[in-house]
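This report describes the architecture of a single protein chain. The sequence and the model are displayed first, and the principal features are then discussed in turn.

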Amino acid sequence: MDWYVFNGLRTFTADWQSRPMRLALTWGFLVISVGVTAVFLLGFGSFSTAKGMTPFHEWMLSLFFTFFVTKLFFVIVLSLGDLGRFISGIAHHISNEQKPGEAYFPERRKFVSEIAILVAAFPFTSFLYAMFRGKYDYKVHRQTLYYDELPEAFDGFTITQLSDIHSGSFDNVKAMQRGIDLAKSQKSDLFVFTGDLVNNAAWEIEQYIDRFGQIKAPYGQFSILGNHDYGDYIQWDSEQQKRDNLAKLKKHHAELGYRLLLDENVVIEKDGQKIALVGVENWGEGFVQKGDLDRALKGADLNAFKVLLSHDPTHWEKKVRYHPVDVHLTLSGHTHGAQFGIEAAGLKWSPVKYRYLDWAGLVNEKNRYLYVNRGFGFLAFSGRLGIWPEITVITLKKRRSA
């Protein structure tokens with residue numbers, strides 16, 4: 001693929017008078033593209049080590065992916081042009097119009113290379129935007145939900161939700177702080193975090209504890225664990241080291257000011273009326289399944305209005321929406337919306353839809369609601385395009401009879 005693009009660029013620069021400029025573009029492309037691929041492949045083995053995928057490795061993966069997609073677009077256009085050359089050459093030969101010494105196939109025309117460059121420039125610039133700006137382009141998503149069962153005192157009660165911080169991926173603290181400030185500025189009654197505080201290890205969040213700890217709410221801050229928080233995706237020297245890491249991460253939740261809910265529930269009381277906040281450990285289709293909703297509901301008023309924190313939306317799909325106990329609202333994350341897709345002009349698409357039935361936004365099943373947060377951070381691909389990082393604000397309203 002690199003060599004094919006290289007030859008297309010040679011066609012593009014063939015009539016350039018400056019030889020150094022021709023060499024800079026053609027050989028410069030080849031050296032950079034092959035270099036990025038080599039660095040990415042050399043670092044591949046470190047992804048599962050104790051440090052896991054660092055921001056550097058994520059950048060190399062992202063650059064490799066950017067170059068790969070860009071080259072793919074270039075190759076598709078150039079190959080269509082070459083197919084035309086092939087057909088033209090065959091037709092010319094069959095018609096006996098070919099002159100002695102004339103090339104069997106006509107030369108590649110420069111304008112085909114120009115079109116290829118223009119087409120390839122679109123994914124290239126888009127992915128660069130995703131990597132430099134898009135991953136910190138925080139958006140506030142607001143939802144107002146109406147319930148008959150909501151206690152009167154909680155009419156207008158607000159919940160700010162963050163999910164999937166993935167603190168080991170951040171590479172711009174100033175930009176990240178803008179997202180924290182935006183979450184703080186919502187001034188909601190309750191703050192919840194729905195899992196994946198880190199990529200793998202507890203130390204990843206340590207430098208940001210003072211920053212995320214700034215988020216406060218009058219009725220408290222609560223959190224749960226996500227699949228990445230258990231440290232399952234990297235190598236540990238021993239099982240004890242892995243257990244110690246999880247214990248340390250749980251302490252970090254407390255240092256952040258978050259009450260970590262581990263298959264348990266708490267009562268949120270306002271003006272003498274109550275709702276139940278329930279939190280489960282991770283339960284996901286194809287992922288760790290530690291969460292136990294029945295245990296989490298133990299001791300709760302089963303007739304109370306209930307808000308459930310559950311990291312993976314497949315838990316709602318497989319367990320919660322069919323559970324005999326009515327769980328009014330479930331808040332999830334996990335999918336990131338694949339960090340790539342389209343949400344504009346009524347169109348909502350992401351490749352993650354082929355893996356998850358419910359991957360972003362609000363779902364309603366017989367007045368049991370699920371909201372899937374698109375994630376605050378990012379993982380693996382160091383960027384976001386079309387699916388921007390999210391701060392969710394849920395407003396609970398008492399439904400009034402007509």
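How do the residues of the lining of the second largest pocket divide into nonpolar, polar and charged? The lining comprises eleven nonpolar residues, one polar residue and one charged residue. The model under discussion is predicted, and the pocket is taken up again below.

## Overall architecture

The chain contains ten helices and 14 strands. Its C-alpha trace extends over about 95 × 55 × 35 Å along the principal axes. Of the 402 residues in the chain, 52% are buried.

Contacts between distant parts of the sequence are also recorded. Among contacts with a separation of 6 or more, 76% involve residues 24 or more positions apart.

## The second largest pocket

The second largest pocket has a volume of about 340 Å³. It is lined by 13 residues, of which Leu9, Phe29, Thr70, Ala120 and Phe124 are the closest to its centre. Two or more lining residues come from each of helix H1 (2-13), helix H2 (19-42), helix H3 (55-94) and helix H4 (110-132).

Gly43 is located in the loop that joins H2 and H3. Is this residue buried or exposed? Gly43 is buried, because its relative accessible area is 13%, and the cut-off for burial is under 20%. Gly43 and Glu264 are 221 residues apart along the chain, and their C-alpha atoms are separated by 41 Å.

## The sheet from S1 to S5

One open sheet consists of six strands in the order S1-S14-S2-S3-S4-S5, with mixed pairing. Strand S1 (139-147) and strand S5 (259-260) are its edge strands, and each of them pairs on one side only.

S1 runs parallel to strand S14 (residues 390-398), to which nine bridges join it. Within this pairing, Arg142 has Val393 of S14 as its bridge partner. Helix H5 (residues 173-185) packs on the sheet and touches S1, strand S2 (157-162) and S14. The direction of H5 makes about 10° with that of S14.

## The sheet from S6 to S12

A further open sheet is also formed by six strands with mixed pairing, and its order is S6-S7-S8-S9-S13-S12. What places S6 and S12 at the edges? Each has a single partner strand, so one side of each is left without a neighbour in the sheet. From one strand to the next, the twist averages 20°. Helix H10 (residues 313-320) packs on this sheet, where it touches S8, S9, S12 and S13. The direction of H10 makes about 160° with that of S13.

Strand S7 (residues 273-279) is largely enclosed by the rest of the structure, because five of its seven residues are buried. In a regular strand, side chains alternate between the two faces of the sheet.

## The partners of S7

Strand S6 (residues 264-270) pairs with S7 in the antiparallel sense, over seven bridges. Lys270 has Gln273 in S7 as its bridge partner. S6 and S7 make up a hairpin with two residues between them, and Asp271 in the turn has a positive phi of about 50°.

The pairing of S7 with strand S8 (residues 306-309) is parallel and comprises four bridges. Leu309 in S8 is the bridge partner of Gly279, and Leu308 in S8 stands opposite Val278.

## Positive phi values in loops

Which loop contains Gln339? Gln339 is found in the loop between strand S9 (329-332) and strand S10 (342-344). Although Gln339 is not a glycine, it has a positive phi of about 60°. Its relative accessible area is 4%, and Gln339 is therefore buried, given that burial requires a value under 20%.

Asn367 likewise has a positive phi in a residue other than glycine, with a value near 70°. Asn367 lies in the loop between strand S12 (361-365) and strand S13 (368-372).

Conventions. Residues numbered from 1 in each chain as written. Predicted model: local features only at pLDDT ≥ 70, side-chain atom pairs only at ≥ 80, totals over all residues. Heavy atoms only, no water. 1 Å grid on protein atoms, 1.4 Å probe; cavity = no way out; pocket = protein on both sides within 12 Å on 5 of 7 lines; lining within 4 Å. Points joined across faces, edges and corners; volume = space filled by probe spheres on them. Nonpolar A, V, L, I, M, F, W, Y, C, P; charged D, E, K, R; others polar. Buried < 20%, exposed > 50% of the residue type's maximum accessible area, 1.4 Å probe, protein only. Pairing = 2+ DSSP bridges. Contact = heavy atoms within 4.5 Å. Axes fitted to C-alpha atoms, helices over the stretch in contact; angles between N-to-C directions.
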